Structures are given as structure tokens and as C-alpha cells.
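User: Could you take me through this model and set each term you use against its definition as you go?

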Amino acid sequence: MILTVTMNPSVDISYPLEKFNLDTVNRVVKVSKTPGGKGLNVTRVLKQLNDEVVATGFIGGALGTDIQKKLLKKGIKNDFFEISGETRNCIAILHEGNQTEILEKGPTITKSESDNFLEHFEKLVKSKEIKIIAISGSLPDGLEINYYSKMIGICEKYKKSVVLDCSGKALLEVLKNEYKPKVIKPNTEELSQLIGKDVSKNPDELKKVLKDKLFEKIEWIIVSLGADGAFAKHNDKFYKVNVPNIKVVNPVGSGDSTVAGITSAIHENASDEDLLRKANVLGMLNAMEKLTGFVNLENYDKLFNEVEILEI
Ligand code: ADP
């Protein structure tokens, strides 16, 4: 079974408007409200793949209850840790081909909640059923910047692998710490942020960057490159992944679908080549749909065969 972690989930509200009128009333007819946050996108894709998955993280208030109910309705197991703060709303206004987002920061975690979650997390991680943990997204306020390192330390104690998809200071802190995730999946923007200078999509440059001491002891580094596929390092091996042209509808959440593919492939002990194919195909399938964290698996096999993996 796979454990997914979403530390700052949300109820994602989508407001489609023909025209967005500033400084006056906008009436919305077709509202959708879905559980959101990067880890929950990963969870949904894993569920669609028929992988056994359970979701955890912090949850609070009426919106937290709503998320739990909606997940259960979709048959998604969850074991969240309840906090005193309120789970947030994130609003996307879709208008005239634009997407204007209003993202609440979310609750602040208290010291005792922060300590008690680690106990809750350890109980889940040590369960025999859990084979791998996928941690995604940013840390809510109130948690120390090395919180993910502490969580990875717990996973290491029980010899469980971690796929980590976060960015900025939280990721940098993990890379500097002794406990390492098995996989990280930055895009070039996140990679540039990490090393403090612009990184292009050029494979030679990426090869050089990934040899940096900062990435030592990370078994897999998979840099997703949008329409250019991905560049990956697995121990001493380097791969360039080329993907076919697709009709992109909404690429938001493609990185999360890629993370679902990576986690699922490791869970089933796939070869390097199959892991990279699965990860990229799921990223592409998400980009071809309107919904975030949703894939139409009818096209899976065709795309799987069209992906090109080059060891370089
Ligand atoms: P993130 O959302 O983290 O920035 P990417 O945009 O790199 O991630 O997308 C993740 C994966 O999804 C890519 O590695 C690729 O396989 C696939 N993908 C995303 N956008 C496209 C696209 N326009 N064409 C083909 N594949 C895409």
C-alpha cells in the first residue's frame, strides 16, 4: 500500500465565468468543489491506477470534514490528523481563457499538533501494509523548515522509501540533511531555485547540475520538462525521456500525476525504463484533461509505446 502526504490540503473551488467583472457582482452557475493540494492529486491518480493508497496530512474544520467525506465517497482511504485550525479554500476563476487564482494560506499548526502529527505519521509508516510514502507540496505555517527531514527520518527508521515533491527552502533543507528521500522530482524552475542560478533544459547542462554535491545520495532525480519530457539520474545512470506531441487541455497537476507514476512504479518494482514511461505517460494524460489530477487511462498503452527513453 502507498501512503500519500498532503500537509496543507484545500477545497479547490472552480468558478467558470464568461467575463470577470472587477469591482462588481459576478454570478456563478456551475461551481465545482473538489479536494485539492498536490498530495491529493497524487492520491487520485494512484486510485485510478487501482493502486492501494491511503492519504494523510493535517485536516480541520468543516472544510476538512468535507474533504474526508468526498474522498470516502470515491473509495479513497484516508487517515488525517485533526487540527484546531480550518482547512483552506483555494479559488480558481476561469474567465476569457485566463485562470485567476485566490489561494488562502491555510491554518497555522500549533507546537503540540506539530509534535503529535509525527507520532500519528510514525504509526502509519510502521504498519506492515505501507511500502512507500509520497510526500507532496508546501509546509503549512507553524512547522519548522526541517519538518520534512524529520518525517523522512521516521521513514528511514522503518526502511520505507520516500518520493518527495516539494520546493524552495523545505527541499533545500532536506537535501542538506542526513535523511534522504529515494526520489525528488523538481521541474527546471524549482531546480534553478535550488542551485541559485538559471538551469536550461539542455541535457548536458542538466547532467552537470545533477552531479552537484547537493544531490549526493538521492537515488533518483527526475527533472520534469513539460512538453520536452524529462531528464533523469538514477544512481550513476542518466536518461533523457522524449514524449510525443499531445493536445494539451490543462497541464496543471501534470507534475503530481508524474509523481503518482513514479511512486506506483517503485511500488511494483518496475525497471528504470518502465518507471520513466509510466511517470511521463501519466503526466501527459493529465495535461490532456480539463480536470486536475485526473487521467483517462484509455490512451495509456498507446502513449506508453510512444515515449522514447535514451540512456546518455
Ligand atoms: P510540473 O507540473 O511539476 O511543472 P511538468 O509540467 O514538467 O511538471 O509536467 C510533468 C510531465 O507531464 C512532463 O514530464 C511530461 O511528461 C508531461 N507533460 C506536461 N506538459 C506536457 C506537454 N505540453 N506535452 C507533453 N507532455 C507534457
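Analyst: A polar contact is a pair of N or O atoms within 3.5 Å. This is a predicted model, and in it an oxygen atom of the ligand is 2.8 Å from a polar backbone atom of Gly229, so this pair qualifies as a polar contact under the 3.5 Å limit.

User: What makes the approaches of Lys185 and Asn187 to the ligand polar contacts?

Analyst: For Lys185, a polar side-chain atom lies 3.0 Å from an oxygen atom of the ligand, and for Asn187 a polar side-chain atom lies 2.9 Å from an oxygen atom of the ligand; with the limit set at 3.5 Å, both pairs therefore count. As for the cover that the protein provides, the ligand taken alone exposes 550 Å², of which 84% is buried by the protein.

User: How do you know which residues surround the ligand, and how many are there?

Analyst: A residue is included if one of its heavy atoms lies within 4 Å of the ligand, and 16 residues surround the ligand, the closest being Asn187, Ser224, Gly226, Gly229 and Asn280. Helix 8 (254–267) and helix 9 (272–287) each supply at least two residues of this shell.

User: What is the make-up of the shell by class?

Analyst: The shell has 6 nonpolar, 9 polar and 1 charged residues, and because Gly is placed in the polar class, Gly226 and Gly229, which are among the closest residues, are counted as polar.

User: Why are strand 13 and strand 14 called paired?

Analyst: Pairing requires at least two bridges, and 5 bridges join strand 13 (residues 230–234) to strand 14 (residues 237–242), so the two antiparallel strands meet the condition. Phe231 has Lys240 in strand 14 as its bridge partner, and in the hairpin, with 2 residues between the strands, Asn235 takes a positive phi near 50 degrees. Strand 14 is also joined by 4 bridges to strand 15 (residues 308–311), again antiparallel, where Asn242 has Glu308 as its partner.

User: What makes strand 3 and strand 8 edge strands?

Analyst: In the open sheet of 4 strands, ordered 3-2-7-8 with mixed pairing, strand 3 (32–36) and strand 8 (98–103) each have a single partner strand, so one side of each is left without a neighbour in the sheet. Neighbouring strands of this sheet are turned by 25 degrees against each other on average, direction ignored. Strand 2 (residues 10–17) and strand 7 (residues 88–95) pair in the parallel sense over 8 bridges, with Val11 opposite Asn89.

User: Which residues does the UniProt domain annotation cover?

Analyst: The unreviewed UniProt entry annotates residues 8–293 as "domain: Carbohydrate kinase PfkB"; over that range the chain is 37% helix and 23% strand, and the end C-alpha atoms are 17 Å apart.

Terms used:
Residues numbered from 1 in each chain as written. Predicted model: local features only at pLDDT ≥ 70, side-chain atom pairs only at ≥ 80, totals over all residues. Heavy atoms only, no water. Axes fitted to C-alpha atoms, helices over the stretch in contact; angles between N-to-C directions. Polar contact = N/O pair within 3.5 Å; in protein donor to acceptor, adjacent residues only side chain to side chain. Areas by Shrake-Rupley, 256 points an atom, 1.4 Å probe, with all protein chains shown as cover. UniProt positions renumbered as here; feature names shortened; annotations may be inferred.
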